[in-house]
Amino acid sequence: MSAKPVLAADLFSASDFHDWEIFTSPTVAIGDVAQINAEGVITIAGQPSGYISTRDSYQNFRLHAEWRWPLKPGNSGVLIYIASGPKDRVWPLSLQIQTKYKFSGDLLPMAGATFAEDLSSPPGSATPVKAKMQDDSEKPAGEWNSCDIVSMNGAVEVSINGVVQNRISKSVPYSGRVGFQLEGTAFELRNVHIERLD
């Protein structure tokens, strides 16, 4: 997928997170679970369960994010196309790009989201998944990983550390906010950038 970038932005340019919202159960303030240090590294607690998201919405974009597990490896994910509507517990209607250790690059339709391609999980599975296409390309715990997501009119391509790991098309929804899950394990982010594409 290729398109001309029309706007690039650092999604964590402000240390007060004023461009972000948080949704957790139980409810907490974003400053209780996320901090940015002087080098621009964002530390995010893994609990309580929930997610942080941008206030702005995106449809056609290129998203780059780098993450690592500073202590033990665990579970999280990048959420795109976050929309209002049905929820699965605290998880919103959205697509999840998995960053769970050893499963990075799996793609999950959340809370009723759909896409054209077949799932890898059995029909009726409690957690629907389209598994990554290649062998694991995640680095060992403690090292920085990169996730690159390109979205164009409901088609999505996901690369982990430069390896294309997933592709889907005809996503519903196909626009919305972007964010990161809190799912039990602390992690760090850096170099989180988004480009709107025309």
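In this predicted model, Thr43 has a relative accessibility of 32%. Thr43 therefore counts as partly exposed, since that class lies between the 20% and 50% limits. The residue belongs to strand β4, which covers residues 42-44. Beyond its neighbours within four places in sequence, Thr43 is in contact with Val33, Ala34 and Gln35. Phe187 and Glu188 complete that set of contacts. Asp10 lies 33 residues from Thr43 along the chain. The C-alpha atoms of these two residues are 16 Å apart.

Phe187 also appears among the contacts of Phe180. With neighbours within four places in sequence left aside, Phe180 further meets Phe12, Trp20, Gly50, Tyr51 and Ile52. Ala65, Gly77, Val78, Leu189 and Val192 are in contact with Phe180 as well. The largest nonpolar core has 40 residues. Within that core, Phe12, Ile80, Ile149 and Phe180 touch the most other members. Another core, of 5 residues, lies apart from the largest one. Its members include Val90, Trp91, Met110 and Val129.

Val129 is also one of the residues touched by Asp106. Asp106 sits in the loop between β8 (91-98) and β9 (107-110). The Asp106 side chain is a charged group without a salt bridge, although the residue is buried. Lys132 provides the nearest side chain of opposite charge, 4.4 Å away. A salt bridge requires a separation within 4 Å, so the Asp106–Lys132 pair does not qualify. Lys132 is nonetheless a contact of Asp106, as are Lys130 and Ala131. Gln96, Ile97, Gln98 and Asn166 also touch Asp106, with residues up to four places away in sequence not counted.

Methods
Residues are numbered from 1 along each chain as its sequence is written. This is a predicted model: local features need pLDDT of at least 70, side-chain atom pairs count only at pLDDT 80 or more; totals for chains, interfaces and linings use all residues. Side-chain values use heavy atoms; hydrogens and water are left out. Helices (H or I, at least four residues) and strands (E, at least two) are DSSP runs, numbered from the N terminus. Buried means under 20% relative accessible area, exposed over 50%, partly exposed in between (1.4 Å probe, protein chains only). Lys and Arg count as positive and Asp and Glu as negative; His and the chain ends are not counted. Contact means heavy atoms within 4.5 Å. A nonpolar core is a set of buried Ala, Val, Leu, Ile, Met, Phe, Trp, Tyr and Cys residues joined through side-chain atoms within 4.5 Å.
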